[in-house]
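Me: I am new to this structure and would like to understand the terms used for it. Could we go through them one at a time?

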2 protein chains.
Amino acid sequence: MTLHTADAVRHDVDGLMRDYYEAETLRADELDAAYGKLWRTMSGLAFAGGKRLRPYLLVLAYEVYGGDDYRSVLPVAAAQELLHQSLLIHDDITDKDIVRYGVANVTGTYDEVYGQRCVPASDVRHYAESAALLAGDLLLSGAHAMIQSSGLPAHQIAVAQASLSRAVFEVAAGQLLDMEAGMQEMRLTDPYKIAQLKTASYSFNAPMECGAGLAGAPAEDIRQLVRLGSRLGEAYQLADDLLGVFGDESVTGKSNLTDLQEGKHTYLMQLTFRMSTPQQLSAVREYFGRHDLDHGQADRIKEIIVACGARDGVEQRLEEYRQETARMMEGLSISHEARTRLRDLAAGVTRRIR
Amino acid sequence: MTLHTADAVRHDVDGLMRDYYEAETLRADELDAAYGKLWRTMSGLAFAGGKRLRPYLLVLAYEVYGGDDYRSVLPVAAAQELLHQSLLIHDDITDKDIVRYGVANVTGTYDEVYGQRCVPASDVRHYAESAALLAGDLLLSGAHAMIQSSGLPAHQIAVAQASLSRAVFEVAAGQLLDMEAGMQEMRLTDPYKIAQLKTASYSFNAPMECGAGLAGAPAEDIRQLVRLGSRLGEAYQLADDLLGVFGDESVTGKSNLTDLQEGKHTYLMQLTFRMSTPQQLSAVREYFGRHDLDHGQADRIKEIIVACGARDGVEQRLEEYRQETARMMEGLSISHEARTRLRDLAAGVTRRIR
């Protein structure tokens, strides 16, 4: 059996999601035009970007373990993406971001809409965030609903719902720890634990576990796969943190000042704190976490991150992940084609440029 | 068959919920003590108050239509309450409330916690709200998970999940319209539509529809019941708006300044705007919607609400609901005991003092 490519999954999941957003927008319009507008905003954002990585991982794990009814699991694959969109919308509230994929996100869109209405200026952002709060809730419940109405047999629905619920439970822990990390000394933060809970959980472990589970893979194979997913997820987060500081904004679609302004405790910054000279460290401490940090000050921090060797340190860590995950793949009892696919994926994750 | 009382349902649902919160708190502790703290906060809030009205309505509708496996539907009843708790937590973010049931809500609790950490004072509330955001997400997904793991047969799970999803879809519309109402002229707001979507949808329609559906009631009976639920829900909101202004804070457990400070477009205030003299109206307009409104100014508005006849107008409308819903109940093909129960419920809803 030939495995579906990432492009094919993306195409088919986008088709399903387009149907979903259109149907919900119609239903929303029937209730009120203002509600239809919220759904159009959500839909616009959903198709403004995103690689559909999580649906692809689910399908890949499903097919790698012999799942041969691709169409039947597509709604579960799409549900992973709805969860992702829900989390991004809520995460952007916490991070005070108003741009995503290079366009206004839900908060950003409503910031403009409400700014033109009879609202005290000091309340505009709060109400815009409240609209985004509703949007995230809708997509979270929507992910569960998408699985429920998939038409899959009850035991497969149970597998998919349990996996989704577990992912939500873990990712909330990760987001809480990530947020609270900023309130303590850098050295006290465990960036791997945060990466595991905040990113690996729902981006890798859950889709892979769910896909293999839907295919009826043996429990031990699923455990091995989840271990692999965990490592890939950590690597993904490390690479994402690099992009958050050094990425090209026109490619990543989001500001590369935010992480530095928010003083995010990433592995990259932890290495920087550890490897920089006292003089470098005091310069970093002066600017890191300042909400009004500008591009010039950010450039100064970036110079130090490079000069002290922290950037190379992260790159080296990514190379170790590449080797470690390659070894783990050798241990999986899967076909040659499947292994090649997983290796390509790991290469993309640890060396992705957007 | 004797119908279970509200007290019995409350007791049993609380037992189930206690198990749920304990299990999730244990799982959370295993991930991180900080996460366990979030779950303890949520759990504390869940048992600080609440009448468990929605679980009772579900069980009542189930038993009224012949459902005879009370234990089996309890998880679905509890899921209605988890949804309610999720919505309250998120709604409190939008309303900037930090107290619920007379105690600190999630935002209020974390406002204190984060205030003692190394966080810029201007960010404390934002992060506290972000913790509440996560809490609401967890309980929303938790409601779906509670249904999924109920052990009910697949067709009943499908009924319950679809009902929950529809409720989330409608209540989000209601919350959006409620929020946006404050941005337009009072006369443009449709308080019945908002009450229908924001309150009736998930507080009455969904539990009653779901309960009757789980009992296998005929579609026409379910439709009648939902129509009844809609009217009860509207009445409930009208009574709630009265309480929001005239309620005893020590009984309601929340501030009765908030609605006036936020300038909420309720039926009560719409009547006030319509029935007051030009002189009264200009006094109301001066204070209504002012964030710094104090108790003295609130008392002035309340005097006018009473003097112009708006309060009586709402009371009279509640009496009409009482009569109308009584007539609707006569049309239902249910037992005498069931009708008595529904009538008691309607009386409580339209004349509740807390």
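Reply: Gladly, and please keep in mind that this is a predicted model. Between chain B and chain A the count is six salt bridges.

Me: What makes the meeting of B:Arg117 and A:Glu180 a salt bridge?

Reply: The rule asks for a side-chain nitrogen of Lys or Arg within 4 Å of a carboxyl oxygen of Asp or Glu. The side chains of B:Arg117 and A:Glu180 meet at 3.6 Å, N to O, so the pair satisfies that cut-off. Across the interface of chain B and chain A, the rule for polar contacts finds 24 residue pairs, both at pLDDT 80 or more.

Me: Which helix gives the most to the side of chain B that touches chain A?

Reply: H7(B) does, with 16 residues. By class, that side of chain B has 30 nonpolar, 12 polar and 13 charged residues.

Me: How much area do chain B and chain A bury between them?

Reply: They bury about 4,900 Å², with 65% of it on carbon and sulfur atoms. On the side of chain B, the residues that lose the most area to chain A are B:Leu31, B:Phe169 and B:Met183, together 15% of what that side buries.

Me: Why is the reach of H1(B) called close to the expected one?

Reply: The expected span is 1.5 Å times one less than the number of residues; H1(B) has 26 residues, so 38 Å is expected, and the helix reaches 37 Å from its first C-alpha to its last.

Me: What do the buried residues of H1(B) pack against?

Reply: They pack against helix H7 (154–181) of chain A, together with H2, helix H3 (53–64), H4 and H6 of chain B. Among these buried residues are B:Val9, B:Met17 and B:Tyr20.

How values were computed:
Residues numbered from 1 in each chain as written. Chains lettered and ligands numbered in written order. Predicted model: local features only at pLDDT ≥ 70, side-chain atom pairs only at ≥ 80, totals over all residues. Heavy atoms only, no water. Buried area = accessible area lost by both parts, 1.4 Å probe. Polar contact = N/O pair within 3.5 Å; in protein donor to acceptor, adjacent residues only side chain to side chain. Helix = DSSP H or I, 4+ residues; strand = E, 2+ residues; numbered from the N terminus. Nonpolar A, V, L, I, M, F, W, Y, C, P; charged D, E, K, R; others polar. Buried < 20%, exposed > 50% of the residue type's maximum accessible area, 1.4 Å probe, protein only. Contact = heavy atoms within 4.5 Å.
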